[in-house]
Amino acid sequence: MDVNIYGCLAEFKIATELLKRGYQVSRPLADSSVYDLIADINGKLVKIQVKSTSKKPYENTTGVRIHVTRHRKYSTSEVDYYALWIDYYDGFFFIKNKNQTAFNINPFGKYKKNFNTFDLR
């Protein structure tokens with residue numbers, strides 16, 4: 001599948017998950033926007049950068065590695081949260097932007113509280 005189509009699908013999956021939980025979602029009109037979505041989560045507008053991967057965990061590991069700064073770095077003033085769609089887990093991780101460049105991620109480790117939830121903490 002074309003990587004642009006794959007990325008668009010991930011954006012729609014995240015938007016759908018937000019809508020299913022009763023949150024309002026908007027998309028920028030310009031494709032050149034730094035963030036992919038804006039969501040009104042409990043009265044707070046948050047800018048979301050969506051990343052996705054079809055990778056599987058490396059042999060003898062439990063996590064999937066996903067880079068969030070492959071094309072550019074996102075400052076905390078530009079993007080509030082990353083929504084990481086991971087096909088292998090058929091779900092997403094919602095993680096506050098703290099200038100990370102990559103994540104080693106699985107639903108049982110450090111980011112388990114971020115799995116399939118839009119918690120702003």
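**Note on the predicted model**

1. Tyr88 has a relative accessible area of 46%, so this residue is partly exposed. The coordinates discussed here belong to a predicted model. Tyr88 is taken up again in the point on aromatic pairs.

2. Overall architecture. One helix and seven strands make up the secondary structure of the protein. In sequence order the pattern reads α-β-β-β-β-β-β-β, with helix α1 covering residues 3–20. Two of the strands matter for the residues below: β6 covers 91–96 and β7 covers 102–105.

3. Overall dimensions. The C-alpha trace extends over about 40 × 30 × 25 Å along the principal axes of the protein. Does the radius of gyration agree or disagree with that of a compact globule? A compact globule of 121 residues would have a radius of gyration near 14 Å, and the protein has 14 Å, so the two agree.

4. Burial, contacts and surface. Of the 121 residues in the protein, 40% are buried. When contacts between residues at least 6 apart in sequence are considered, 47% of them join residues at least 24 apart. The exposed area of the protein is about 7,400 Å², and carbon and sulfur atoms supply 50% of that area. The protein carries 19 positive and 12 negative charges, whose mean positions lie 7 Å apart.

5. Ala10 in the helix. Ala10 is a residue of helix α1. Is Ala10 buried or exposed? The relative accessible area of Ala10 is 3%; because buried means under 20%, Ala10 counts as buried. Outside its neighbours within four places in sequence, Ala10 is in contact with Val50, Ser52 and Trp85. A further relation across the sequence involves Ala83: 73 residues separate Ala10 from Ala83 along the chain, while their C-alpha atoms are 9.1 Å apart in space.

6. Tyr23 after the helix. Tyr23 sits in the loop that joins α1 to β1 (24–26). Its relative accessibility is 17%, so Tyr23 is counted as buried. Which residues does Tyr23 contact once neighbours within four places in sequence are left aside? They are Leu18, Asp40, Ile41, Asn42 and Phe118. The C-alpha atom of Tyr23 is 6.7 Å from that of Ala39, a residue 16 places away along the chain.

7. An aromatic cluster. Tyr23 also belongs to one aromatic cluster, together with Tyr81, Phe92, Phe94 and Phe118. Phe118 therefore appears twice in the account of Tyr23: as a member of the cluster and as one of the contacts of Tyr23, where contact means heavy atoms within 4.5 Å.

8. Aromatic pairs. The count of aromatic pairs comes to 10. In one of them, the ring centres of Tyr74 and Tyr82 are 6.3 Å apart and the ring planes meet at 75°, so this pair is edge-to-face. Tyr74, at 6% relative accessibility, is buried, and Tyr82, at 0%, is buried as well. Tyr88 and Tyr89 also form an edge-to-face pair, with 5.1 Å from centre to centre and 80° between the planes. The partners in this pair fall in separate classes of exposure: Tyr88 is partly exposed at 46%, whereas Tyr89 counts as buried at 14%.

9. Tyr111 in the C-terminal segment. Tyr111 lies in the segment after β7. The relative accessible area of Tyr111 is 13%, which means that this residue is buried. Not counting residues up to four places away in sequence, Tyr111 touches Phe93, Ile95, Phe103, Asn104, Ile105 and Asn106. By C-alpha position, Tyr111 and Val34 are 24 Å apart in space, with these positions 77 residues apart in sequence numbering.

10. Backbone angles for checking. Most residues other than glycine have a negative phi. Asn99 is not a glycine, yet its phi is positive, at about 65°. Asn99 is placed in the loop between β6 and β7, and its relative accessible area of 37% makes it partly exposed. Asn116, likewise not a glycine, has a positive phi of about 55°. Asn116 is found in the segment after β7 and is partly exposed, with a relative accessible area of 29%.

Definitions and conventions: Residues are numbered from 1 along each chain as its sequence is written. This is a predicted model: local features need pLDDT of at least 70, side-chain atom pairs count only at pLDDT 80 or more; totals for chains, interfaces and linings use all residues. Side-chain values use heavy atoms; hydrogens and water are left out. Helices (H or I, at least four residues) and strands (E, at least two) are DSSP runs, numbered from the N terminus. The radius of gyration is taken over C-alpha atoms; the globule rule is 2.2 Å times the number of residues to the power 0.38. Buried means under 20% relative accessible area, exposed over 50%, partly exposed in between (1.4 Å probe, protein chains only). Accessible areas come from the Shrake-Rupley method with a 1.4 Å probe; for residues, only the protein chains shown count as cover. Lys and Arg count as positive and Asp and Glu as negative; His and the chain ends are not counted. The place of a charge is taken as NZ of Lys, CZ of Arg, CG of Asp or CD of Glu. Rings of Phe, Tyr and Trp (its six-membered ring) pair if their centres lie within 6.5 Å; planes under 30 degrees apart count as stacked, over 60 as edge-to-face and the rest as tilted.
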